[in-house]
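Here are some exercises to work through with the structure open on your screen. Try each one yourself before you read the solution.

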Protein chains: 2
Amino acid sequence: MTGDLSQSAQAYRQLEEGIVTLKLKPGEAVTEVALAQRLGLGRTPIREALQRLSWEGLLTIRPRLGVIIAEMNPSDFIKVLDARHALERLVVGSAARLASQEERKTLEGCAEDMREAASVPDVEEYLRLDKAFDEVVAQAACNPFAAKALAPLQTQCRRFWYRHFGQADLNPAAWSHLEVMQAIANGDEHGAMEQVENLMFYLRRQATALLSLPR
Amino acid sequence: MTGDLSQSAQAYRQLEEGIVTLKLKPGEAVTEVALAQRLGLGRTPIREALQRLSWEGLLTIRPRLGVIIAEMNPSDFIKVLDARHALERLVVGSAARLASQEERKTLEGCAEDMREAASVPDVEEYLRLDKAFDEVVAQAACNPFAAKALAPLQTQCRRFWYRHFGQADLNPAAWSHLEVMQAIANGDEHGAMEQVENLMFYLRRQATALLSLPR
DNA sequence: CAACTGATATATTTACAATACATCTGAAAG
DNA sequence: CTTTCAGATGTATTGTAAATATATCAGTTG
């Protein structure tokens with residue numbers, strides 16, 4: 001019907017997207033039945049999606065009380081970044097070393113698209129490409145365990161970034177991504193790790209800048 | 001009734017333990033209803049537990065086909081270790097820096113118990129203590145995101161370790177753990193990171209030794 | 001101010017539907 | 001006559017949904 005994804009998977013995708021793009025606002029309380037009606041699905045798929053989102057930290061389920069979309073303050077984001085940084089080093093390095101020709105090709109295409117999305121600018125498209133980029137790299141690294149650990153952190157980053165910097169200039173972030181992609185595509189392991197260091201540092205600076213503003 | 005855990009949580013605990021202690025053998029196929037009967041629970045809690053175990057990589061759910069307990073070969077274990085290593089560095093360092101007095105106390109007690117479990121030797125108790133150790137450290141590090149990413153990797157390690165080295169001498173591994181705990185308890189960040197490096201190196205050596213044997 | 005009652009939301013169970021796999025039967029070919 | 005392959009039917013298992021039970025919160029009443 002709607003692709004050959006299971007209903008749980010559909011629910012998950014839609015809810016995740018809704019959360020990172022803030023259609024579901026941080027702090028908001030929602031009920032299972034409300035979501036079920038909204039997405040036109042049964043309660044069970046919704047429930048399974050919610051559980052998964054819960055242990056990815058995108059929302060918290062409070063028994064008999066409802067689910068609330070997770071808040072995220074800058075200091076939490078720093079913590080996410082710490083964890084992500086540790087894993088990105090590993091994964092990006094492996095990807096530069098192990099990526100297949102096809103994956104390198106895909107990465108170059110992705111870089112091109114991202115450059116364009118940043119110059120339009122089209123934030124949602126940029127986000128989709130960022131996600132695609134992360135997925136290709138994760139696959140190229142040939143370490144599904146690291147990939148599984150990393151993915152939720154990347155999702156959190158996207159959400160936080162969209163919330164606080166979605167309206168800002170996309171170009172600096174995009175450039176930084178491009179450098180990483182180029183290095184991986186060229187099989188330059190050292191360069192890739194250096195560039196990912198820059199990228200993480202850039203995100204960290206953004207977050208700390210936010211911390212000093214009392215908002 | 002059985003503590004105040006939800007039935008899903010109970011199911012998860014029991015299944016996880018069953019998997020790491022190989023009461024559920026790698027490659028084995030099981031059905032939801034069989035597990036439900038075996039644990040005396042309904043199908044839904046089982047199902048939720050299975051899903052969680054699935055995205056922790058302890059089993060794979062093949063739609064309309066059944067769930068099969070994950071195999072794990074040494075080369076997979078190396079990958080798990082790569083990812084774990086990256087995160088442990090971060091978490092252990094933070095824990096040494098940030099642990100409360102109470103947490104340091106707990107760690108010292110844990111070290112004592114582990115020394116004893118290793119000398120008895122009591123593998124299952126050792127495993128429980130190892131898990132408790134990991135949990136205390138994760139909490140002390142004040143980074144729930146890193147902790148969530150790390151926990152499944154630690155579980156995988158325990159399982160693999162129990163399977164291949166459960167019968168071997170516990171003392172070397174225990175000592176290495178003790179060093180880490182001591183360093184954290186003393187707030188010696190540098191020492192803790194050094195010791196965790198040793199521990200990871202030790203595990204890696206064990207795995208590579210296994211790789212060379214054709215078994 | 002305390003206790004009770006009603007409403008609301010989740011936790012769990014149960015039932016039903018859909019799908020895949022295995023087995024059995026039949027016919028056709030050698 | 002035997003063997004093999006194709007088709008159909010039966011069984012087992014998961015995916016989904018609805019119903020029931022239980023706990024929590026809020027509002028009201030004594």
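**Exercise 1.** Start in the core of this predicted model: find which residues Leu87(B) touches, not counting residues up to four places away in sequence.

*Solution.* Begin with the partners in chain B, which are Ala146(B), Ala149(B) and Leu150(B). Then look across to chain A, where Leu87(B) touches Ala83(A), Ala86(A) and Leu87(A). Now zoom out to the largest nonpolar core, which has 113 residues. Leu87(B) is among the members that touch the most others, along with Val91(B), Ile184(B), Leu87(A), Val91(A) and Ile184(A). Another core lies apart from that one and has 15 residues, including Ala11(A), Ile19(A), Leu24(A) and Val67(A).

**Exercise 2.** Work out what kind of axis relates chain A to chain B.

*Solution.* Superpose chain A on chain B: this takes a rotation of 180 degrees with 0.1 Å of shift along the axis, and the RMSD is 0.1 Å. So you're looking at the relation of a two-fold axis. Next, check the contact surface: 100% of the contact residues of chain A recur in chain B, and the same surface serves both copies.

**Exercise 3.** Take apart the side of chain A that touches chain B, and say which helix gives the most residues.

*Solution.* First the head count: 20 residues come from chain A and 20 residues from chain B. On the chain A side, the elements giving two or more residues are helix 3 (43–55), helix 4 (74–98) and helix 7 (144–165). Helix 4 of chain A gives the most, with 8 residues. Sort that side by class and you get 10 nonpolar, 4 polar and 6 charged residues.

**Exercise 4.** Describe the protein surface near each DNA strand, starting with how many residues surround DNA strand C.

*Solution.* Around DNA strand C there are 18 residues, and the closest are Pro63(A), Ser6(B), Gln7(B), Gly42(B) and Thr44(B). Two or more residues each come from helix 2 (32–39) and strand 3 (66–69) of chain A, and from helix 1 (7–20) and helix 3 (43–55) of chain B. Helix 3 of chain B has the largest share, 3 residues.

Now move to DNA strand D. It is surrounded by 18 residues, the closest being Gln7(A), Gly42(A), Thr44(A), Thr31(B) and Glu32(B). Here helix 1 and helix 3 come from chain A, while helix 2 and strand 3 come from chain B. Helix 3 of chain A gives the most, with 3 residues. By class, the surface near DNA strand D has 7 nonpolar, 7 polar and 4 charged residues.

How values were computed:
Residues are numbered from 1 along each chain as its sequence is written. Chains are lettered from A and ligands numbered from 1 in the order in which they are written. This is a predicted model: local features need pLDDT of at least 70, side-chain atom pairs count only at pLDDT 80 or more; totals for chains, interfaces and linings use all residues. Copies are superposed by least squares on the C-alpha atoms of residues with pLDDT of at least 70 in both. Two residues are in contact if their C-beta atoms, placed from the backbone, lie within 7 Å. A nonpolar core is a set of buried Ala, Val, Leu, Ile, Met, Phe, Trp, Tyr and Cys residues joined through C-beta atoms within 7 Å. A residue is buried if 20 or more other C-beta atoms lie within 10 Å of its own, exposed if 12 or fewer, and partly exposed in between; C-beta atoms are placed from the backbone. Helices (H or I, at least four residues) and strands (E, at least two) are DSSP runs, numbered from the N terminus. Ala, Val, Leu, Ile, Met, Phe, Trp, Tyr, Cys and Pro count as nonpolar, Asp, Glu, Lys and Arg as charged, and the others, Gly among them, as polar. A residue is near a molecule or strand if its C-beta atom, placed from the backbone, lies within 6 Å of it.
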